[in-house]
Amino acid sequence: MTVIVAVAVLVGVLALATLLGLLLRAKTGRARTTTAPGDAGTVADLAPPTAFGTRATLVQFSTPTCARCPATARHLNSVAARHDGVTRLEIDLAEHPGLAGRFNVLQTPTVLLVDASRTVRTRFGGPPRPPELAAALATVLTAGTAGTTGTADTTGTQESR
């Protein structure tokens, strides 16, 4: 192999790795609306009914080795505290490994936004981006209070980048 070929291969590998990294970064923390049928569409059996919020629940899948999970938990607790009837529920995948396949969890943290009927409405792969979490939560909360004059409080969220 000549030096020119080796340099060309190296540049190609670096370009491909950079492209893949940028794509992954662009998708991490983005909201994805879900319409999952069957078991993956509901989380009612993950915890007792009292663990769920009356209006919405933020279900966080984490693992003991997840470096971003504690900060995500603090952020989700803060968001839940600002809204009546919203709670955060953490599921440790080390204790419940079967749930990773059921909910297609490929990275931790993965966060599911669940409505009052315990149906998954939005999922975030990675720490949720604050503006997208606020918008998704506002959608769920206003859908749950259709016909009332109350609105969801989405103030105080900031992009952490």
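This passage describes a strand and its neighbours, a disulfide and a buried arginine in a predicted model.

Strand 2, which spans residues 56–62, is largely enclosed by the rest of the structure, because 7 of its 7 residues are buried. Burial extends to both faces of the strand: Ala-56, Leu-58, Gln-60 and Ser-62 are buried on one side, and Thr-57, Val-59 and Phe-61 on the other. Strand 2 pairs with strand 3 (residues 86–92) in the parallel sense, over 7 bridges. Between these two strands the chain passes through helix 2 (residues 69–81), and the resulting β-α-β crossover is right-handed. Strand 2 is also joined to strand 4 (residues 110–115) by 6 bridges, in this case with the strands running antiparallel. Leu-58 illustrates both pairings: Arg-88 stands opposite this residue in strand 3, while Leu-113 is its bridge partner in strand 4.

The model contains 1 disulfide. This link connects Cys-66 and Cys-69, whose sulfur atoms are 2.2 Å apart. The angle about the S-S bond is 90°, and the link is right-handed. Both Cys-66 and Cys-69 are buried.

Arg-123 is located in strand 5, which comprises residues 120–125. With a relative accessible area of 11%, Arg-123 falls under the 20% cut-off and is therefore classed as buried. The side chain of Arg-123 reaches two backbone oxygens, that of Phe-103 at 2.8 Å and that of Asn-104 at 3.1 Å. Arg-123 and Leu-112 are separated by 11 residues in sequence, and their C-alpha atoms are 4.4 Å apart in space.

Technical notes
Residues numbered from 1 in each chain as written. Predicted model: local features only at pLDDT ≥ 70, side-chain atom pairs only at ≥ 80, totals over all residues. Heavy atoms only, no water. Disulfide = S-S within 2.5 Å. Buried < 20%, exposed > 50% of the residue type's maximum accessible area, 1.4 Å probe, protein only. Helix = DSSP H or I, 4+ residues; strand = E, 2+ residues; numbered from the N terminus. Polar contact = N/O pair within 3.5 Å; in protein donor to acceptor, adjacent residues only side chain to side chain. Pairing = 2+ DSSP bridges. Right-handed = clockwise from strand over helix to strand, strands pointing away.
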